[in-house]
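Student: I'm new to this structure and I'd like to go slowly. Could you pick one part, look at it closely and then show me what can be said about other places like it?

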Amino acid sequence: MTSVRDALDSALIALRAADVETPRLDAEVLLADALGVTRADLLTRDLEVSGRAVRRFQNAVHRRAVAREPVAYITGRRGFRRLELDVDRRVLVPRPETELLVELAVAELPQGARVADVGTGSGAVALALADERPDLHVVATEVSEEALAVARANGERLGLSVEWVLAEGLPDGRLDAVVANLPYVAEGTALQPEISRHEPPGALFAGPDGLDAIRAVAAAAEAIPWVAFEHGADQAAAVRALLVRRARIETHRDLAGHERATLGAD
Ligand SMILES: C[S@@+](CC[C@H](N)C(=O)[O-])C[C@H]1O[C@@H](n2cnc3c(N)ncnc32)[C@H](O)[C@@H]1O
């Protein structure tokens with residue numbers, strides 16, 4: 001048995017030595033997971049850490065500090081909007097900045113619209129839309145069969161209705177809108193070890209300027225009245241140029257102040 005404070009203190013030494021960006025947060029999330037409690041419980045309840053939980057926690061801290069695995073792959077879970085998604089190495093870890101795409105679509109899409117989430121990964125965007133706007137008909141495409149299996153399982157577990165399609169780019173049939181967080185990193189870009197060692201390369205890289213996937217979907221979606229793409233902070237002008245024929249083009253910033261999503265509407 002050990003105390004929560006002692007367990008956290010020894011983890012902090014390892015995580016700081018490994019230059020992990022958010023050592024305290026990561027240690028708390030991993031210890032809460034090892035104990036099967038919430039982070040709030042850790043800080044407010046007088047808990048002891050049993051030998052079995054200590055071993056689970058030490059193993060998790062080792063994976064985080066030495067292998068630099070993302071916390072979400074270690075716990076197998078990630079929060080996105082109102083949902084808790086299961087995630088593993090088959091899918092990109094959903095990012096907080098991607099919630100912006102959902103916000104834009106939730107606010108703007110007309111009642112009953114048929115919307116495609118292109119490159120759905122864990123299903124994050126599609127499932128959040130189905131959750132927050134049950135009037136929408138949500139179709140999600142994904143080029144990776146492995147990723148689509150994760151998305152489908154999330155949908156079943158959460159009881160949310162999304163039409164899952166294994167496809168590159170847009171699904172068949174009439175669409176009113178497209179939302180897409182496609183890969184947008186330029187080939188050859190150096191990334192943090194959490195990303196480069198663990199996340200699927202097919203979810204990250206898209207050609208010499210990182211825009212190959214967005215370019216292809218923007219061209220295929222020219223006749224669709226509303227589209228929104230997530231992109232890199234330095235890609236907003238290039239994405240606006242892809243949407244130049246639209247009546248309304250807007251780039252929105254994420255919570256960190258970076259230009260993160262551009263929409264085009266007719
Ligand atoms: C950056 S990840 C984003 C996943 C998810 N949308 C999210 O926000 O967490 C991009 C996903 O798109 C998939 N993908 C890449 N190119 C695609 C394409 N042309 N059509 C469909 N899916 C694609 C990848 O396999 C990957 O799962």
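Tutor: Let's start with how the pieces get their labels: helices (H or I, at least four residues) and strands (E, at least two) are DSSP runs, numbered from the N terminus. Keep in mind that what you see is a predicted model.

With those labels, find arginine 81, in the loop that runs between strand E3 (77-80) and strand E4 (83-86). The backbone there has a phi near 50 degrees, a positive value in a residue that isn't glycine. Is arginine 81 buried or exposed, or something in between? Its relative accessible area is 28%, and partly exposed covers what falls between under 20% (buried) and over 50% (exposed), so arginine 81 counts as partly exposed.

Now slide back along the chain to arginine 68. Its phi is positive too, near 60 degrees, and again the residue is not a glycine. The loop holding arginine 68 connects helix H4 (51-65) and helix H5 (71-75). Arginine 68 has a relative accessible area of 13%, so it is buried. It also has charged partners: Arg68 belongs to a network of salt bridges together with Asp26, Arg64 and Glu194.

That network brings us to salt bridges, of which the structure has 27. One of them pairs glutamate 69 with arginine 63, with 2.9 Å between the closest N and O atoms. The two partners differ in cover: glutamate 69 is buried at 11% relative accessibility, while arginine 63 is partly exposed at 27%.

Next, look at arginine 248, which takes part in two salt bridges we can follow. Its side chain meets that of glutamate 108 at 2.7 Å, N to O. Glutamate 108 sits in helix H6 (residues 99-108) and arginine 248 in strand E10 (residues 248-253), so this pair ties together parts 140 residues apart in sequence. The other bridge joins arginine 248 to glutamate 250, where the closest N and O atoms are 3.0 Å apart. How covered are these three? Each is partly exposed: glutamate 108 at 28% relative accessibility, arginine 248 at 30% and glutamate 250 at 27%.

One last stop is the ligand, where charged and polar groups turn up again. There are 17 residues around the ligand, and those that come nearest are Gly119, Glu142, Gly169, Asn181 and Ala203. From glutamate 142, a polar side-chain atom lies 2.5 Å from a ligand oxygen. The backbone joins in as well: a polar backbone atom of glycine 169 is 2.8 Å from a nitrogen atom of the ligand, and valine 143 offers a polar backbone atom 3.3 Å from a ligand nitrogen. On its own the ligand has 590 Å² of accessible area, and the protein covers 93% of that. As for where the ligand sits, the space it takes is the second largest pocket.

Notes:
Residues numbered from 1 in each chain as written. Predicted model: local features only at pLDDT ≥ 70, side-chain atom pairs only at ≥ 80, totals over all residues. Heavy atoms only, no water. Salt bridge = Lys/Arg side-chain N within 4 Å of Asp/Glu carboxyl O. Buried < 20%, exposed > 50% of the residue type's maximum accessible area, 1.4 Å probe, protein only. Near = heavy atom within 4 Å. Polar contact = N/O pair within 3.5 Å; in protein donor to acceptor, adjacent residues only side chain to side chain. Areas by Shrake-Rupley, 256 points an atom, 1.4 Å probe, with all protein chains shown as cover. 1 Å grid on protein atoms, 1.4 Å probe; cavity = no way out; pocket = protein on both sides within 12 Å on 5 of 7 lines; lining within 4 Å. Sits in = over half its atoms within 2 Å of the grid points.
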